[in-house]
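Here is a tutorial dialogue on reading a protein model, in which a learner asks and a teacher answers. Please keep the sequence and the structure in view while you read.

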Amino acid sequence: MKVLVIGAGNMGLTYAEGMASSPLLSKHKLRIFDTDPKKIETLRQQPQFDVYNNLDDCLPKADLVFIAVKPFHSENLFKIMKPMLNDDQIFVSLMAGVTIETIQQQLGKSKVVRTMPNLPAQVGKGVTSYTESETVSKIELLMVRNLLDTTGTSIHVATENFIDASTGISGSGPAYVFYFMQSMLEAALKMGFSDYDSKVLVSNTFEGAIELFNQNDISPKSWIAKVASKGGTTQAAIDSMDDNNVKQLIEDAAYAAFDRAVELGKK
Ligand SMILES: NC(=O)c1ccc[n+]([C@@H]2O[C@H](COP(=O)([O-])OP(=O)(O)OC[C@H]3O[C@@H](n4cnc5c(N)ncnc54)[C@H](OP(=O)(O)O)[C@@H]3O)[C@@H](O)[C@H]2O)c1
């Protein structure tokens, strides 16, 4: 199985590195293509990829093609790709908001897997949701899943609506966590902690809470009940958040991202 990644940016390179470091693909089975000469030059110094700056040389023989360019570059790219394709190839899109139907129409091919990746894939802790067109077989889908899992974990969703929904949860989600972290960092600095101490206090609090959550079968709500005793300090903070409707605001933010993903898909 030959895999080609088109677009060696944040996401393309992350998935390419994940696949290259897994035992799933042997050397010379992973190809990477980009249009930026500087990127090509840097990548050519890394032995794990076969790097191309010409689609003719790598696309026709690829079995699986990961598409990791920005959505606004896709229409032009698809025009160039179209004459080089064959019916057995599977196209795995990492692009936000570009529908399976659009990809099928513009490429004139039917086997498409649409995914929603997220940034922690860069450290092997990503979560990718994915769904497929009807013509992708179960075995082909399993192959794709195994490759996606080289950057963390993945969940299969039944429809593209869930791809847009997962944009609102996991795709954009790391930024919500950073937003929360930034607010706590600023509070710590305001209380007089040094930069270093603020960072340690905040990052370890997040890491510790996640670890507790992962190691126990207890919901976040139950954890809050465990740590917040009546009349205590934690309860004072939770009451303040409830009074300010923070929970609703976070839900609204997730829906704003979801709605935007749907909107982008219609353009
Ligand atoms: N970053 C995220 O957290 C995230 C999360 C979810 C989904 N995504 C999706 O992932 C996709 C890639 O995002 P990214 O952040 O990785 O973008 P990026 O860093 O800009 O990477 C895209 C790469 O593709 C190259 N490129 C542009 N046109 C090309 C073409 N015709 N053929 C080959 N390569 C081409 C770009 O080169 P130039 O720089 O020269 O244009 C760049 O190296 C996007 O569609 C985005 O929606 C990203």
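**Reading the model feature by feature**

A: Lys 109 is buried, with a relative accessible area of 17%, and it is worth keeping in mind while we read this model, which is a predicted one.

Q: Where does Lys 109 lie, and with which side chain does it meet in a salt bridge?

A: The general idea is that side chains of opposite charge can pair when their charged atoms come close. Here the side chain of Lys 109 meets that of Asp 87 in a salt bridge, at 2.7 Å from N to O. Lys 109 sits in the loop between H5 and S6, while Asp 87 sits in the loop between helix H4 (71–81) and S5, so that the pair, 22 residues apart, links distant parts of the chain.

Q: Is Asp 87 buried or exposed?

A: Asp 87 is exposed, because its relative accessible area is 59% and the cut-off for exposed is over 50%. Lys 109, by contrast, counts as buried because its 17% falls under the 20% limit.

Q: How many salt bridges are there, and which other residues take part?

A: The count comes to six salt bridges. One of them joins the side chains of Arg 145 and Asp 149, at 3.7 Å from N to O; Arg 145 is partly exposed at 29% relative accessibility, and Asp 149 is partly exposed too, at 27%. Another joins Arg 260 and Glu 263, at 2.7 Å from N to O, and both of these residues lie in helix H12 (residues 246–266), three residues apart, which is about one turn of the helix. Arg 260 counts as partly exposed at 37%, as does Glu 263 at 42%. In addition, Arg 114, Glu 160 and Asp 164 are linked in a network of salt bridges.

Q: What is the order of the strands in the sheet, and which strands are at the edges?

A: The general idea is that strands of a sheet pair through backbone hydrogen bonds, either parallel or antiparallel. In this model an open sheet of eight strands runs in the order S3-S2-S1-S4-S5-S6-S7-S8, and its pairing is mixed. The edge strands are S3 (50–52) and S8 (152–156), each of which pairs on one side only. Neighbouring strands of this sheet are turned by 25 degrees against each other on average, with direction ignored.

Q: How many bridges join S2 to S3, and what is the bridge partner of Arg 31?

A: Strand S2 (residues 30–33) is joined to S3 by three bridges, and the two strands run parallel. The bridge partner of Arg 31 in S3 is Asp 50.

Q: Which strands do helices H5 and H7 touch where they pack on the sheet?

A: Helix H5 (residues 100–107) packs on the sheet and touches strand S5 (90–93), strand S6 (112–116) and strand S7 (126–132), with a direction that makes about 140 degrees with that of S6. Helix H7 (residues 160–171) also packs on the sheet, touching S6 and S7, and its direction makes about 25 degrees with that of S6.

Q: Which residues does Ser 170 touch, beyond those up to four places away in sequence?

A: Ser 170, which lies in helix H7, touches Asn 118 and Val 127 when residues up to four places away are not counted. Ser 170 is buried, with a relative accessible area of 14%.

Q: What is Leu 94 in contact with, leaving aside its neighbours within four places in sequence?

A: Leu 94 lies in the loop between S5 and H5 and is buried, with a relative accessible area of 7%. Its contacts, leaving those neighbours aside, include Met 11, Tyr 15, Phe 66 and Thr 115. The C-alpha atoms of Leu 94 and Lys 70, which are 24 residues apart along the chain, are separated by 9.1 Å.

Q: Which residues make the nonpolar surface patch?

A: The patch, of about 240 Å², is made by Phe 180, Met 241 and Ile 250. Met 241 has its place in helix H11 (residues 233–243) and is partly exposed, with a relative accessible area of 31%.

Q: What can be said about the protein as a whole?

A: The protein has 12 helices and eight strands, and of its 267 residues 38% count as buried. Its accessible surface comes to about 15700 Å², of which 56% belongs to carbon and sulfur atoms.

Terms used. Residues numbered from 1 in each chain as written. Predicted model: local features only at pLDDT ≥ 70, side-chain atom pairs only at ≥ 80, totals over all residues. Heavy atoms only, no water. Pairing = 2+ DSSP bridges. Helix = DSSP H or I, 4+ residues; strand = E, 2+ residues; numbered from the N terminus. Axes fitted to C-alpha atoms, helices over the stretch in contact; angles between N-to-C directions. Contact = heavy atoms within 4.5 Å. Patch = residues over 30% accessible without salt bridge, like charges linked within 9 Å, V, L, I, M, F, W, Y side chains within 5 Å. Areas by Shrake-Rupley, 256 points an atom, 1.4 Å probe, with all protein chains shown as cover. Salt bridge = Lys/Arg side-chain N within 4 Å of Asp/Glu carboxyl O. Buried < 20%, exposed > 50% of the residue type's maximum accessible area, 1.4 Å probe, protein only.
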